[in-house]
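Student: I should like a close look at a single part of this model, namely its sheet, with the surroundings treated as context. Please give the cut-offs behind each term.

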Amino acid sequence: MGISDLIASFLQESLDEAEDGVLEVQRSDLAQRFNCVPSQINYVMSTRFSPERGYIVESRRGGNGYIRITRVRVDRQTLLMHVINSLGERMDLPSARAILSNLVQAGALEENAGRAILAAVGDKALAQVPRESRDAVRADILRQVLILQV
C-alpha cells in the first residue's frame with residue numbers, strides 16, 4: 001500500500017467516525033504523521049476527496065492551515081453540473097481521465113459512456129488538432145458532452 005493509500009485510508013476512517021460527516025485536520029500534522037511533504041497531502045485531497053466522489057474540501061494554508069473535508073450526497077444532475085462548472089479553459093488528458101473515472105465510480109456516468117467520452121477527448125481523436133490547442137479543445141468537448149448527459 002502506497003503513502004497516498006495510507007493517507008486516504010486514515011482520512012476515510014476518521015471521516016467515518018465523525019458524527020456530522022465533517023473532518024477537520026491540520027495539514028502539517030498529517031504530513032508529520034505520514035512523514036511526507038504537504039504536497040502529498042494536497043495530491044490525496046484532489047484525487048481521493050473530490051466533489052465527483054462526494055466530498056467538499058476546504059483548506060487554509062499557512063502555519064495554522066487546516067483541511068476540512070465534508071461528505072455530501074448529491075444527485076447525479078447536481079454532480080454533473082458541479083463538474084461542468086468546475087472545468088477550466090484547458091484540460092490535459094490525465095485530468096480528463098480522472099474526472100471521467102470519478103464520474104463513473106460515483107454512478108453519474110455509465111462505464112461505456114465514460115470510455116466513449118474518454119476516446120472522444122483522447123490524443124488519437126485530437127491528432128489533427130495542433131498540440132498547443134489540444135487541451136483547450138479537449139476541455140470544450142468534455143464540457144459539451146457532459147452538458148448532454150445532464
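The reply below describes the sheet, then its neighbours in the chain.

Tutor: This is a predicted model, in which local features need pLDDT of at least 70 and side-chain atom pairs count only at pLDDT 80 or more, while totals for chains, interfaces and linings use all residues. Residues are numbered from 1 along each chain as its sequence is written, and side-chain values use heavy atoms, with hydrogens and water left out.

The secondary structure of the chain comes to 7 helices and 3 strands; helices (H or I, at least four residues) and strands (E, at least two) are DSSP runs, numbered from the N terminus. Along the sequence these elements follow the pattern α-β-α-α-β-β-α-α-α-α.

The 3 strands form an open sheet in the order β1-β3-β2, with antiparallel pairing. Two strands are taken to pair if DSSP finds at least two bridges between them. The edge strands are β1 and β2, each of which pairs on one side only. From one strand to the next the twist averages 15°; the axes are lines fitted to C-alpha atoms, for helices over the stretch in contact, and angles run from 0 to 180 degrees between N-to-C directions.

Consider each pairing in turn. Strand β1 (residues 22–26) is joined to strand β3 (residues 66–71) by 5 bridges, and the two run antiparallel. Within this pairing, V25 stands opposite I67 in β3, and Q26 has Y66 in β3 as its bridge partner. Strand β2 (residues 55–60) is joined to β3 by 6 bridges, again in an antiparallel arrangement. Here the bridge partner of V57 in β3 is I69. In a regular strand the side chains alternate between the two faces of the sheet.

Q26 merits separate attention. This residue lies in strand β1 and, at 26% relative accessibility, counts as partly exposed. On this scale buried means under 20% relative accessible area and exposed over 50%, with partly exposed in between (1.4 Å probe, protein chains only). Q26 and S59 are 33 residues apart in sequence, and their C-alpha atoms are 9.4 Å apart in space.

Further along the sequence, N35 occupies the loop between α2 (27–33) and α3 (38–48). Although N35 is not a glycine, its phi is positive, at about 50°. N35 is exposed, with a relative accessible area of 71%.

The helix α7 (residues 134–149) offers a view of the packing elsewhere in the chain. Its 16 residues reach 22 Å from the first C-alpha to the last, close to the 22 Å expected at 1.5 Å a residue; the expected span is 1.5 Å times one less than the number of residues. Its buried residues are R134, R138, A139, L142, R143 and L146. Seen down the axis of α7, the buried residues fall within an arc of 165°, so they line one face of the helix. The arc is that of the directions from the helix axis to the C-beta atoms. What covers the buried residues of α7 includes α4 (76–86), α5 (93–105) and α6 (111–121).

For the chain as a whole, buried residues make up 36% of the 150 residues. Of the contacts with a separation of 6 or more, 60% join residues 24 or more positions apart, where contact means heavy atoms within 4.5 Å. The C-alpha trace spans about 50 × 30 × 30 Å along its principal axes.
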